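Colleague: I should be grateful for a close look at the part of this model where the two chains meet. Please describe that region and the elements on either side of it.

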Amino acid sequence: MLDTIREIETPEGISLHLRAAGALPRAQAWTVDLFLRMGVFMLAAIPLSLFGVGGKGLALLLLFALMWAYSVVCEVWLGGQTLGKRALGLRVVNADGTPVTWLPSVVRNLLRVVDALPGVYGVGLISTLIDPHARRLGDIVAGTMVIHVSELPAGQQVPSQAAVPLPVVLVADEQAALVEFAERSGQLTPQRQEELANLLTPLTGRNDSAAVRQLIGHANWLLGRP
Amino acid sequence: MELERISVVLRPRAPREALDLGAAMLRANAGAVWSAWFAFTLPVFVICNALGVMLDLPWLGLVLMWWLKPLFDRLPLYVLSRAVFDRTPNWRETLRGQRQWSWRSTVAALSWLRIDSNRALRLPMELLEGAPRKLRSARWKVLRRRIVADTSLLTYGCLQFELVLFLSAWLLGAMLIPHEWRADSLGDFFRNDVRDASTAWLLLAAAMAYLAMSAIEPLYVACGFALYLNRRTQLEAWDIDLAFRRMRTRLQGLGKVLGMLLACTCAWPLSGQAATPSGVPRKPSATSLQQVFRQPVDSADARFAAAAAETYRDPRFGGEYTTRKWVFKYTPKAQPNAQPIPFPAFGAALAIVFKALMWLLLIVAIAALLRFAWRWRGQLAPTPDEPASAMSPGVRVSVVADAPLPADLAGAARALWQAQHQREALALLYRGCVEQTARLLKVPPSADATEADWLRQAAAIDDPARAQRAIAIVRTWQFAAYAGRYPDDAGMEHLLSGWPVEAGASA
């Protein structure tokens, strides 16, 4: 089955899912960062230009800091997110899912020099498109990756109804599907709800809206409501 | 549509994540997509450019290839929409399959909808659903809700990527050209080189643009298709549909097994019941909690109520407690400011800055004080060698550990003792004792032996009287050195007479 997830299993047998972020969101985050940094530089350069050569020197120092230190400082101190990445809900983590530390962050940002070849990030783009986890060369060398952190807004609450006990024992996946149906039934048309509920006639023994009601009752029972 | 055959993991994703699913789908089916793509677009590219050259309009190839993009989009979409259901077509099937799809939407996309930032999403809706016109606009309204911004961003992002690849190719070429062959400036390059052979340069540009487009356009279509899939998963709960179908097949299988079992169990008691005497009433099986526990399980149960009340009295699980606190009876009136400041916000900001500076200054001052206190701690303390300076140099030398002991040990120690240098006198006595003990036991006196070591050594002396005296001297020295407790004059005199101070004495 095709998916964008990188699965990591911990020694305790817990599997962590990292949702790798692809080229498009990353390019958008980079663009946001670029405009932010340009804005800061321009705002600072206007008053600095009043101070002649010294001011120019300060402006160049600021430019250097914005180009090289900004990403590293943000990634280490702001939880792996530059401001652009935060806006797009992305985060840099180590390939094993742990928070990124100084050395990997410095390495991946220094290797921007290579990724930016031949001047317009061509190498980085091609690398991101080819790699299955959308890593650029800097990420591959530093052992990091960029993941999605923002969750979908949670579904609606399960509508409360009198709980109906399940006649048979269901495995965890099936229970989750029942609860998910109850949560998302508000977003579906009534016809579609009935269509889905009719699939489970062997379980409910009913059809159409009665079946929908019974499934929601089952979901209430699974959630431990009275 | 057979949802069971789907080869991607369906779950509601954020639109941005759906874009990444599109890239993953394209990566998985790269061979099928690009073989079909080049099989169709490469001849078109050649024809367009040949047409441009023949009409003496060399830019025509570049423009036409860009204009025909919506036509080319059909190929990746065909491959991906089949590959999602695990039926990847080869390029011949793809080209042949284009006849099944209506051309009406492509004509629209090539004419009045050519500049449309939602093409990626419109494409799968129109080609895969093929709904009649009236339904289509309603459908489009539902489909685009909430993801129209992401679709537009996708379009601009892909445009940007194409530009990046196009420019990268040129810049890479420029890097590889030797310095002496390059034009002096970009202006020169366009004024001289390009004008001299404009057709060749334009054809080269068209080729580069075609390659960049070939790399990115399938990605654009795939991402749009993934957005479409995700939206339909949201709208129609495809993932739940799949889970329910799986559950249904399992339950139906289970139902058959259960039916068999039921039939068996029904058949068996029929034969068995005849043997049992029918007069014995059968015990009814418990069907509810009340019957199982033989008591009511609700609030009417007195024991349960008592236990619950007991639990609530436990302070860990609740209970009542009283808190006391002081509250102002009246609120103090705010003092009106003496005079309003101009730019209050600016003034406040300035005040905060200066406040921070003052705090910083205070911290620095305290840190500096601490630092100097640490550095000068030895020099400012009262000099510890004052009593030593009062001592004559001769005395000092005899006390220092590595100086040889004076010949008249008892006299030297007594002189020190009477000159109130009690500690030094005892130190001398201790050293003398140690030396005598070492000589007696024939062990080399070692510099790192402690008082405890010498106590142990003294215990090994054969003569118990001598051993006792040596121990007494070491103990006296220990009391003096570590506790500042000195013996009286008589005690000192007792230690100074006999062994070990007088080496030959018999103790």
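Modeller: The account below begins with the contact region and then follows the elements of each chain. Please bear in mind that this is a predicted model.

In the contact region, 41 residues of chain B are in contact with 39 residues of chain A. On the side of chain B that touches chain A, four helices each supply at least two residues: α1 (15–28), α10 (148–176), α12 and α13 (238–273). The largest share, twelve residues, comes from α10(B). By class, this side of chain B holds 27 nonpolar, six polar and eight charged residues.

One residue that links the chains is R16(B), found in helix α1 of chain B. R16(B) is buried, because 22 other C-beta atoms lie within 10 Å, and 20 or more is the cut-off for a buried residue. Leaving out residues up to four places away in sequence, R16(B) touches P25(A) and H148(A) across the chains, and D150(B) in its own chain. R16(B) and L153(B) are 137 residues apart in sequence, yet their C-alpha atoms are 10.0 Å apart in space.

The two partners of R16(B) in chain A lead to two elements of that chain. P25(A) is one of the buried residues of α1(A), among which are also A23(A), L24(A), R26(A), A27(A), D33(A) and R37(A). Helix α1 of chain A covers residues 23–48, and its 26 residues should span 38 Å at 1.5 Å a residue; the end C-alpha atoms are 37 Å apart, which agrees.

H148(A) belongs to strand β4 of chain A (residues 144–148), where five of the five residues are buried. In a regular strand the side chains alternate between the two faces of the sheet. In β4(A) both faces are covered: T144(A), V146(A) and H148(A) are buried on one side, and M145(A) and I147(A) are buried on the other. Strand β3 of chain A (residues 90–94) runs antiparallel to β4(A) and is joined to it by five bridges. Within this pair, R91(A) stands opposite I147(A).

Chain A has another antiparallel pair, in which five bridges join β1 (residues 5–9) to β2 (residues 15–19). There, R6(A) has L18(A) of β2(A) as its bridge partner. Five residues lie between the strands of this hairpin, in which G13(A) takes a positive phi near 85°.

The secondary structure of chain A as a whole comes to eleven helices and four strands, whereas chain B has 24 helices and zero strands. Buried residues make up 31% of the 226 residues in chain A and 25% of the 507 residues in chain B.

Helix α12 of chain B, one of the helices on the side that touches chain A, also has a part in the nonpolar interior. The largest nonpolar core has 69 residues, and those with the most contacts inside it are L80(B), A222(B), C223(B), A226(B) and L227(B). Helix α12 (residues 198–236) of chain B gives the largest share of this core, 16 residues. Beyond its neighbours within four places in sequence, L80(B) is in contact with M25(B), N29(B), V33(B), A222(B) and F225(B). A second, separate core has 22 residues, including A412(B), W417(B), A425(B) and V434(B).

Technical notes. Residues numbered from 1 in each chain as written. Chains lettered and ligands numbered in written order. Predicted model: local features only at pLDDT ≥ 70, side-chain atom pairs only at ≥ 80, totals over all residues. Core = buried A, V, L, I, M, F, W, Y, C linked by C-beta atoms within 7 Å. Buried ≥ 20, exposed ≤ 12 C-beta atoms within 10 Å, placed from the backbone. Contact = placed C-beta atoms within 7 Å. Nonpolar A, V, L, I, M, F, W, Y, C, P; charged D, E, K, R; others polar. Expected span 1.5 Å × (residues − 1). Pairing = 2+ DSSP bridges.
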